[in-house]
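This briefing concerns the metal sites and the nonpolar core of one protein model. The sequence and structure are shown first, and the points follow by topic.

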Amino acid sequence: MGGHELGVLIEYVCDGHVSRDPIGPFITRHERAWAYCAGHGSGDHRWRHVSAIPRELLDVAGAKVELICGRRDHLDHGRDVPDGNGHVSVSGAKWAYCSAALNDTHDWRSVAPLEFSGIRHDGLDGLI
Ligand SMILES: [Zn+2]
Ligand SMILES: [Zn+2]
């Protein structure tokens, strides 16, 4: 397995190795889906589940979340969803996160770049 699989949909992204490796990402199978490690780590991956994202988008997206869904009903619903378990997607080469974990129409708002691990669902109101 190398970094040559184009046109695949990625369903897991590694949080353990986020600095891009010059030789390209490591792409492998995980839980019967494609998984993407930007840092080309050799082990100890921390796979985070994402909605199916074309691999080409991951190659250009940054490591941090830059868009947060600001829909009132989604923010309210998201308080009952564990932190980090929201809906993750890519919009315009930026990571987008909805705390409600709903595959629905979102209202993306630009925020100062956030680490995935730093997202607190009950604190999103203060960010957007
Ligand atoms: Zn990794
Ligand atoms: Zn939303």
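What is the geometry of the site of the zinc ion (ligand 2), given the angles among its 4 donor atoms? In this predicted model, the site is tetrahedral, with angles of 100 to 115° among those donor atoms.

**Zinc ion (ligand 2)**
- The protein donors are Cys69 (SG), His74 (ND1), Cys98 (SG) and His106 (ND1), at 2.0 to 2.3 Å from the ion.
- Along the sequence, the donor residues show the spacing C-x4-H-x23-C-x7-H.
- His74 belongs to helix α2 (residues 72-78) and His106 to the loop between β7 (94-98) and β8 (108-114), so this pair ties together parts 32 residues apart in sequence.
- His74 is buried, at 1% relative accessible area, and His106 also counts as buried, at 17%.

**Zinc ion (ligand 1)**
- Cys14 (SG), His17 (ND1), Cys37 (SG) and His45 (ND1) are the protein donors, lying 2.0 to 2.3 Å from the ion.
- The arrangement is tetrahedral because the 4 donor atoms subtend angles of 104 to 116°.
- The donor spacing along the chain is C-x2-H-x19-C-x7-H.
- His17 lies in the loop between β1 and β2 (26-30), and Cys37 in strand β3 (residues 33-37); the pair therefore ties together parts 20 residues apart in sequence.
- His17 is partly exposed, with a relative accessible area of 21%, whereas Cys37 is buried, at 0%.

**Nonpolar core**
- The largest nonpolar core comprises 22 residues, and Leu58, Val65 and Trp95 have the most contacts inside it.
- Elements giving two or more residues to this core include β1 (9-14), β4 (47-54) and β7.
- Domain 1 (9-60) and domain 2 (65-126) each supply at least three residues to this core.

Definitions and conventions:
Residues are numbered from 1 along each chain as its sequence is written. Chains are lettered from A and ligands numbered from 1 in the order in which they are written. This is a predicted model: local features need pLDDT of at least 70, side-chain atom pairs count only at pLDDT 80 or more; totals for chains, interfaces and linings use all residues. Side-chain values use heavy atoms; hydrogens and water are left out. Donors are N, O and S atoms within 2.8 Å of the metal (3.2 Å for Na, K and Ca); water is not among the atoms, so sites may look incomplete. Four donors count as tetrahedral if all angles lie between 85 and 135 degrees; four count as square planar and six as octahedral if opposite donors are over 155 degrees apart and all others between 65 and 115; anything else is irregular. Helices (H or I, at least four residues) and strands (E, at least two) are DSSP runs, numbered from the N terminus. Buried means under 20% relative accessible area, exposed over 50%, partly exposed in between (1.4 Å probe, protein chains only). A nonpolar core is a set of buried Ala, Val, Leu, Ile, Met, Phe, Trp, Tyr and Cys residues joined through side-chain atoms within 4.5 Å. Domain bounds come from an automatic or database domain assignment.
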